[in-house]
Amino acid sequence: MNVCVIGAGSSGIAAAKALHERGFDFDCFEKSDRVGGNWVYKNRNGMSSAYRSLHINTSRERMEFADFAMPKSYPDFPHHTHIAAYFDAYVDHFGFRDRITFQTGVERAAPAADGSWEVTTDDGETRRYGALMVANGHHWDARWPEPAFPGSDVFAGVQLHSHDYVGDDPDFFRGKRVVVLGMGNSAMDIAVESSFSATATYLAARRGAWVIPKYLFGRPLDQIFTLAGVPLWVRTRVMRTLLRIGVGDMRRYGLPQPDHGPLAAHPTVSDDVLSRLAHGEIAPKPNIARLTERTVVFADGSEVEADIVVYCTGYRVTFPFFDPDLISAPGNDLPLFRRVFHPRIPNVFFIGLLQPLGAIMPLAAAQSEWVCDYLSGRYALPAPAALRADMERERAAMFKRYVASKRHTMQVDYDDYLADLAKERRRGAARARANRLR
Ligand SMILES: Cc1cc2nc3c(=O)[nH]c(=O)nc-3n(C[C@H](O)[C@H](O)[C@H](O)COP(=O)(O)OP(=O)(O)OC[C@H]3O[C@@H](n4cnc5c(N)ncnc54)[C@H](O)[C@@H]3O)c2cc1C
Ligand SMILES: NC(=O)c1ccc[n+]([C@@H]2O[C@H](COP(=O)([O-])OP(=O)(O)OC[C@H]3O[C@@H](n4cnc5c(N)ncnc54)[C@H](OP(=O)(O)O)[C@@H]3O)[C@@H](O)[C@H]2O)c1
């Protein structure tokens, strides 16, 4: 069976490494001239959302691949240049660089009647593959506010999305009045950066967030405990207590009280934003209501003069190479069995298409091993009705737990996901053995 991998970001290289080690015939197509995707600052593919000051917010030990540690000389939360170098080293360490076709984008992938996939690349070639591993990333297609705010067409200042913020011009915010919209990690980082040179920085949000520090008790917070398998209400209570001790009430910083529990939203992690708020260098605001030629008007009726508005409003999950009637993610929602297997379409697998509370990379590696089990006949899927019931159960629990938002359509808990996947691989291996005996 030959396999096509789309993309050589951290998810695509995890897929390629698993295929390489398991002896599969495969091609990996990568638009850029190098691996690393989002972590390649100013990536020539135009798809990286990294800015000059970006550091990871999931700690090094949670992000590194299990079989290839990051150098011990790296700090707990390395810079993007460290991370890009690490992914590069991973490819050389496992020796599969020659299996990646660089500067070659997949333009079209369509299933054939026999279950194989026809893949057309932007050099005009079409090849046939037994299976497709999709690792094109989900943080590159900017989602602007929908609908646009009234007056955004008359605003005379600069409006940009965080995807386009590169942060290489020290004068970009200097002397400007800046409104940053959102309460995710992009908004935190960009508001902090603006606050050091802008005349005024306003952080606008339509809902509050629990701002989680990178460190607690002198250790990266995501390494203090795992709580895998512990009921959600217990975890929530533990997290609430830790945040009460370590951070305190969000309202003390002028931020709105979150309308949800601390584990009911994708984590907003920042050591710096609370300090900049406390120093009065960032002024919190409610959502933007409208813009005028020179000002931004907020939902509480207050109005400020503004030169720059940065929309940190997240990303759209898109697959430009699929016929959207066949595979798409309206509202960022693509239901999959354990975030990998399509419930109806065979031989297409999604790698890294999930939002963990924790890092994506070790999960993408586990997914890739799982797919290799399947492709080599060592794993059999549950019967279709059981698979659909499993998917529905998982989705219902996720949507019940998380704030309704397009950013919460594929949330998983890092340790639980890894444990569940290991369990499912064992179950499927038993099914495969039973099928062979029939
Ligand atoms: C600012 C920012 C900070 C982040 N910080 C963290 C963090 O600290 N920890 C964490 O775990 N996650 C973080 N993330 C999430 C991020 O999605 C992952 O870190 C990681 O980049 C996912 O890797 P990926 O390979 O799935 O996607 P990407 O890194 O986006 O890589 C996708 C690759 O696919 C290629 N590609 C796409 N389409 C095609 C095509 N049609 N043909 C050929 N090649 C194609 C692209 O060129 C790219 O190289 C962050 C995201 C952002 C935006
Ligand atoms: N340092 C780091 O490692 C780092 C830095 C940046 C980003 N990241 C990662 O990159 C991914 C994307 O993060 P992100 O911050 O860019 O996006 P995000 O997590 O999707 O957050 C988007 C924010 O914008 C708000 N929003 C969306 N549409 C809006 C609208 N029309 N009006 C008002 N508010 C709106 C959302 O509010 P609701 O919650 O109400 O929807 C949310 O607060 C995440 O996985 C994040 O962890 C990491």
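# Helix faces and loop oddities

Visitor: Which residues of α3 are buried?
Guide: H80, I83, A84, Y86, F87, Y90, V91 and F94 are the buried ones in α3. Buried means under 20% relative accessible area, exposed is over 50%, and partly exposed is in between, using a 1.4 Å probe and protein chains only.

Visitor: Are they on one side or spread around?
Guide: They sit on the same side of α3, because they cover an arc of only 155° around the axis. The arc is that of the directions from the helix axis to the C-beta atoms.

Visitor: What kind of model is this, and how's the numbering done?
Guide: It's a predicted model, where local features need pLDDT of at least 70 and side-chain atom pairs count only at pLDDT 80 or more, while totals for chains, interfaces and linings use all residues. Residues are numbered from 1 along each chain as its sequence is written, chains are lettered from A and ligands numbered from 1 in the order in which they are written, and side-chain values use heavy atoms, with hydrogens and water left out.

Visitor: And the helix labels?
Guide: Helices (H or I, at least four residues) and strands (E, at least two) are DSSP runs, numbered from the N terminus.

Visitor: OK, back to α3. What covers its buried residues?
Guide: The cover includes α1, α2 (60–63), β3 (100–101) and α7 (361–375).

Visitor: At what angle do α1 and α3 pack?
Guide: Helix α1 (residues 10–21) and helix α3 (residues 80–94) meet at about 5°, and their axes are 11 Å apart. That makes the two roughly parallel. The axes are lines fitted to C-alpha atoms, for helices over the stretch in contact, with angles running from 0 to 180 degrees between N-to-C directions. Under 35 degrees counts as roughly parallel, over 145 as roughly antiparallel, 65 to 115 as roughly perpendicular, and the rest as oblique.

Visitor: Which residues make that contact?
Guide: From α1, S10, I13, A14, K17, H20 and E21; from α3, F87, Y90, V91 and F94. Contact means heavy atoms within 4.5 Å.

Visitor: How far does α3 reach, end to end?
Guide: Its 15 residues reach 22 Å from first C-alpha to last, close to the 21 Å expected at 1.5 Å a residue. The expected span is 1.5 Å times one less than the number of residues. After α3 comes G95, with a positive phi near 70°.

Visitor: What about α5, how long is that one?
Guide: Helix α5 (residues 232–246) has 15 residues and reaches 21 Å, close to the 21 Å expected. Its buried residues are R235, T236, M239, L242 and L243. Those fall within an arc of 130° seen down the axis, so they line one face of the helix.

Visitor: Which residues are exposed on the other side of α5?
Guide: W233, R237, R244 and I245. The buried residues of α5, meanwhile, pack against β12 (211–212), β13 (215–216), β24 (411–413) and α9 (414–437). Just after α5, G248 has a positive phi of about 90°.

Visitor: Switching topic: how many disulfides are there?
Guide: Zero, across the whole structure. The cut-off is a pair of cysteine sulfur atoms within 2.5 Å. C28 is too far for a bond, because its sulfur is 7.8 Å from the closest cysteine sulfur, in C4. C28 is buried at 0% relative accessibility, and C312 counts as buried at 8%.

Visitor: Where's the cis peptide bond?
Guide: Between E146 and P147, with omega about -5°. P147 lies in the loop between β8 (141–142) and β9 (158–161), and P147 is exposed, at 71% relative accessible area.

Visitor: Which non-glycine residues have a positive phi?
Guide: F217, at about 55°, and R339, at about 65°, are two of them.

Visitor: Is each one buried or exposed?
Guide: F217 is exposed at 60%, whereas R339 is buried at 7%. F217 lies in the loop between β13 and β14 (219–220), and R339 in the loop between β21 (315–316) and β22 (348–350).

Visitor: Last one: what is R290 in contact with?
Guide: Leaving aside neighbours within four places in sequence, R290 touches P150, V296 and V297. R290 is in strand β17 (residues 288–291) and is partly exposed, at 41%. Its C-alpha is 7.3 Å from that of S152, 138 residues apart along the chain.
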